Amino acid sequence: MTYRYRPLATALAVLALLSAAACGGGSEQGSVPMPASGRSGPSEIAPPRGEDDRPASRGRATPRAGEAGKPADAETPKSAESPESTESSAVPEVARSHDTAAEQISTFSLDVDTASYGYSRRLLGEGRWPEAGQVRPEEFVNSFAQDYAEPEDDGFTVHMDGARTPGNGTALLRVGLQTRRTDAESRRPANLTFVVDVSGSMGEPGRLDLVKEALHRLVDQLGPGDRVSVVAFSEAAEVVLPMTPAAEKDRLHAAVDRLAVQQSTNLEAGLTQGYDEAAASFRPAAVNRVVLLSDGLANTGDTTWQGILDRVAQAAGKKVTLLCVGVGRDYGDELMEQLADNGDGAAVYVGSADDARKVFVEQLATNLDLRARDAKAQVVFNPSAVTSYRLIGYENRRIAAGDFRDDAKDGGEIGPGHSVTALYEVRLRDGASGQLATATVRWQDPDTRAPAEASRSLGAGDLAASLWEDAAPRFQVDVVAAGFAEYLRTRERIAGVAPADLASHATRLAASTEDPAVTELARLIGQAVALG
């Protein structure tokens with residue numbers, strides 16, 4: 001059931017969260033429009049302390065200054081045939097467990113990137129081990145299909161389930177968020193500015209040739225209300241084709257065919273020119289998006305991360321969003337992820353023609369249109385039932401609990417048909433009963449910026465007795481994907497499952513779900529075990 005609240009909704013919602021953390025019982029709340037809010041003022045009720053109450057900037061981790069893309073030695077990548085070969089790479093700060101007596105709220109901005117899994121998949125296929133900083137568990141999990149119910153409106157449904165795991169009072173909880181799908185004919189028209197890297201590094205097979213194939217596929221999928229411009233960049237940037245109606249497909253295909261490899265990589269010049277083109281042709285009623293296709297290895301112009309990210313963030317504030325499409329055997333994963341985050345968009349990795357088909361044909365509406373802006377999630381744990389929790393992944397998406405309802409704070413941009421999944425490891429109190437946690441998602445309408453919320457609670461009685469015997473198959477797939485990611489980056493286990501057992505579970509689940517992606521996951525885990 002959907003409930004509608006008016007001016008006192010914010011205070012009532014905070015009271016509800018406080019009550020949820022202290023009492024038992026579970027319930028579901030529907031999509032709730034909320035009044036816009038800014039920073040918490042003295043008159044508001046102070047919420048319980050969250051897991052990260054430090055000031056946050058745009059809901060992201062602050063990028064390090066220095067060379068964009070890969071480290072300085074990226075031109076000659078070292079072998080990564082085993083984890084030992086990447087000991088010098090930066091190891092990400094892995095989320096720690098939080099004691100609910102002091103920190104009962106977990107808050108993060110939503111993320112629909114999948115590039116980490118896509119690139120790791122390519123590296124393992126070549127017998128190389130991904131660097132720890134390239135592995136983000138949430139992107140592994142969000143690469144797989146879910147079976148969450150869709151909302152009837154343009155908001156979110158909130159799904160919660162969980163399962164007990166071997167150990168002393170431990171369990172895994174899953175929070176799933178889902179938007180309503182749309183078909184290509186129903187999506188809003190799009191103004192697309194393709195910013196294409198034609199630098200020397202893009203001459204390697206599987207880079208510019210794959211980009212051109214992907215663009216040809218995309219052009220064939222565009223509708224009569226869409227418009228396209230093409231910017232190419234190497235040492236400098238040039239407009240290959242000004243904004244052109246998608247109906248003129250011959251002109252669009254010809255512009256793609258003219259793309260040719262040149263010299264250095266001036267990513268800053270390419271993005272600046274691309275955003276200038278997007279701004280000049282901005283249509284308020286359309287989706288205005290820059291699509292960057294690059295290996296992310298900038299070496300000319302402003303190569304400092306902050307200089308490039310600042311330009312992207314300024315454009316995002318003007319409702320021009322960014323889709324980063326990564327290619328190449330050697331790929332600036334970290335920069336492309338930060339560009340997508342600061343550009344209010346997403347990062348995907350395309351390593352084959354099949355990947356290009358998925359991104360630009362099967363998932364076209366999802367990747368181009370918007371259902372929600374600045375989407376954030378907050379989970380409040382009941383300290384009388386849960387002693388501690390750990391969010392798996394999302395390390396650079398954590399935000400302060402007090403920023404959840406501050407609509408000036410940035411969140412994630414979510415398209416139609418997107419699912420977002422978060423997994424928590426929790427430790428339960430002896431004899432835990434009643435409500436365990438309440439999850440709430442808050443977002444803004446992409447056109448009006450009106451905020452809304454939806455919530456769901458999970459009780460101890462809702463937990464499956466056994467993760468591998470009683471939990472939903474898709475839940476098990478999520479745990480395998482997250483466990484695989486943790487093994488790749490830290491060698492730590494989730495739910496005490498060894499890597500070889502993860503492969504066995506993936507093989508079993510591939511048969512029950514009849515999902516080729518899960519079959520591939522089982523193969524990748526086997527390859528990693530052999531390399532390790």
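A residue counts as buried when its relative accessible area is under 20%. Keep that in hand for these exercises on a predicted model.

**Exercise 1.** Decide whether Gln-444 is buried or exposed, then work out what surrounds it.

*Solution.* Start with the location: Gln-444 belongs to strand E16, which covers residues 435-444. Next, accessibility: Gln-444 has a relative value of 5%, so it goes down as buried. Now look for company beyond four places in sequence: Gln-444 touches Ala-372, Arg-373, Asp-374, Asp-407, Arg-449, Ala-450 and Pro-451. Finally, zoom in on Asp-407: its backbone oxygen sits 3.2 Å from a polar atom of the Gln-444 side chain.

**Exercise 2.** Classify the ring pair Tyr-119 and Tyr-331, and say which parts of the chain it ties together.

*Solution.* The whole structure has 12 aromatic pairs. In the pair of Tyr-119 and Tyr-331, the centres are 5.1 Å apart and the planes meet at 70 degrees, making it edge-to-face. Tyr-119 is in helix H2 (residues 115-125), while Tyr-331 is in the loop between strand E10 (321-326) and helix H8 (333-342), so the pair joins parts 212 residues apart in sequence. Check burial last: Tyr-119 comes in at 1% and is buried, and Tyr-331, at 0%, is buried too.

**Exercise 3.** Explain why the pair Phe-381 and Tyr-389 is called stacked.

*Solution.* Planes under 30 degrees apart count as stacked. Phe-381 and Tyr-389 have planes at 10 degrees, with ring centres 4.4 Å apart, so the label fits. As for accessibility, Phe-381 is buried at 0%, and Tyr-389 is buried at 0%.

**Exercise 4.** Which residues do ring pairs link into a cluster?

*Solution.* Follow the ring pairs and you collect Tyr-117, Phe-140, Phe-144 and Phe-484.

Definitions and conventions: Residues are numbered from 1 along each chain as its sequence is written. This is a predicted model: local features need pLDDT of at least 70, side-chain atom pairs count only at pLDDT 80 or more; totals for chains, interfaces and linings use all residues. Side-chain values use heavy atoms; hydrogens and water are left out. Helices (H or I, at least four residues) and strands (E, at least two) are DSSP runs, numbered from the N terminus. Buried means under 20% relative accessible area, exposed over 50%, partly exposed in between (1.4 Å probe, protein chains only). A polar contact is a pair of N or O atoms within 3.5 Å; within protein, one must be able to donate a hydrogen and the other to accept it, and residues adjacent in sequence count only if both atoms are side-chain atoms. Contact means heavy atoms within 4.5 Å. Rings of Phe, Tyr and Trp (its six-membered ring) pair if their centres lie within 6.5 Å; planes under 30 degrees apart count as stacked, over 60 as edge-to-face and the rest as tilted.
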